[in-house]
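Trainee: I have a new model on my screen and I'd like to go through it with you. Where should we start?
Mentor: Let's put it up and take your questions one at a time.

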Amino acid sequence: PANLDLVIVPALLFSVQGDRQGYGGGFYVRFLPSVPSSCIRLGALPDALVLPSLPRDLWDVPMDLILSETRLLPTSASRL
């Protein structure tokens with residue numbers, strides 16, 4: 001993970017703030033904190049599954065960008 005520049009993250013839902021609802025296995029909850037802060041976190045999902053907001057836990061790492069079939073959305077968590 002220390003050498004990554006970009007991580008494409010799947011989810012069930014994303015919010016425009018960059019929060020994600022995953023599949024419940026916790027893989028990305030454990031993995032994302034291990035990537036460097038310079039690594040771009042890109043969430044990819046259809047427009048219909050990008051919501052105005054989602055709950056966020058203390059351990060959640062938000063996405064920098066959300067990519068859908070119609071837009072590339074910088075999030076409020078974006079460091080770009």
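Trainee: Okay, is aspartate 19 buried or exposed?
Mentor: Aspartate 19 counts as buried, because its relative accessibility is 8% and buried means under 20% relative accessible area, exposed over 50%, and partly exposed in between (1.4 Å probe, protein chains only). Keep in mind that this is a predicted model, in which local features need pLDDT of at least 70 and side-chain atom pairs count only at pLDDT 80 or more, while totals for chains, interfaces and linings use all residues. Residues are numbered from 1 along each chain as its sequence is written, and side-chain values use heavy atoms, with hydrogens and water left out.

Trainee: And what does aspartate 19 form a salt bridge with?
Mentor: Its partner is arginine 56, and the closest N and O atoms of the two are 2.3 Å apart; a salt bridge here is a side-chain nitrogen of Lys or Arg within 4 Å of a carboxyl oxygen of Asp or Glu. The two residues belong to distant parts of the chain, 37 residues apart, with aspartate 19 in the loop between E2 and E3 and arginine 56 in the loop between E5 and strand E6 (65-67). Helices (H or I, at least four residues) and strands (E, at least two) are DSSP runs, numbered from the N terminus. Arginine 56 counts as partly exposed, because its relative accessibility is 44%.

Trainee: How many salt bridges does the structure hold?
Mentor: The structure holds three of them. In another one, the side chains of aspartate 64 and arginine 41 meet at 3.4 Å, N to O. That pair also links distant parts of the chain, since aspartate 64 sits in the loop between E5 and E6 while arginine 41 sits in strand E4, 23 residues apart. Both aspartate 64 and arginine 41 are buried.

Trainee: What about arginine 71, what does it pair with?
Mentor: Arginine 71 forms a salt bridge with aspartate 47, and their closest N and O atoms are 3.0 Å apart. Arginine 71 lies in the loop between E6 and strand E7 (72-74) and aspartate 47 in the loop between E4 and E5, so this pair ties together parts that are 24 residues apart in sequence. Arginine 71 is partly exposed, with a relative accessible area of 35%.

Trainee: Changing topic, which way do the side chains point along strand E1?
Mentor: In E1 (residues 6-9) they alternate, with Val7 and Val9 pointing to one face and buried, whereas Leu6 and Ile8 point to the other face and are not buried. In a regular strand the side chains alternate between the two faces of the sheet.

Trainee: How many bridges join E1 to strand E4?
Mentor: Four bridges join E1 to E4 (residues 40-44), and the two strands run parallel; strands pair if DSSP finds at least two bridges between them. Isoleucine 8 stands opposite leucine 42 in E4, and valine 9 has glycine 43 as its bridge partner there. E4 also pairs with E6 in the parallel sense, over three bridges, and alanine 44 is matched with leucine 67 in E6.

Trainee: What is the strand order in the open sheet of three strands?
Mentor: The order is E3-E2-E5, with mixed pairing. The edge strands are E3 (20-21) and E5 (50-51), each of which pairs on one side only. Strand E2 (residues 13-15) is joined to E3 by two bridges and the two run antiparallel, with leucine 13 facing its bridge partner glutamine 21 in E3.

Trainee: Serine 15 is in E2 too. Is serine 15 buried or exposed?
Mentor: Serine 15 is buried, with a relative accessible area of 0%. Leaving out residues up to four places away in sequence, serine 15 touches Val50, Leu51, Pro52, Ser53, Leu54 and Ile66, where contact means heavy atoms within 4.5 Å.

Trainee: And what does isoleucine 66 touch?
Mentor: With the same sequence neighbours left out, its contacts include Phe14, Ser15, Gly18, Val50 and Arg71. Ile66 is also, along with Val7, Phe14, Leu32 and Met63, among the residues that touch the most other members of the largest nonpolar core, which has 13 residues. Such a core is a set of buried Ala, Val, Leu, Ile, Met, Phe, Trp, Tyr and Cys residues joined through side-chain atoms within 4.5 Å.
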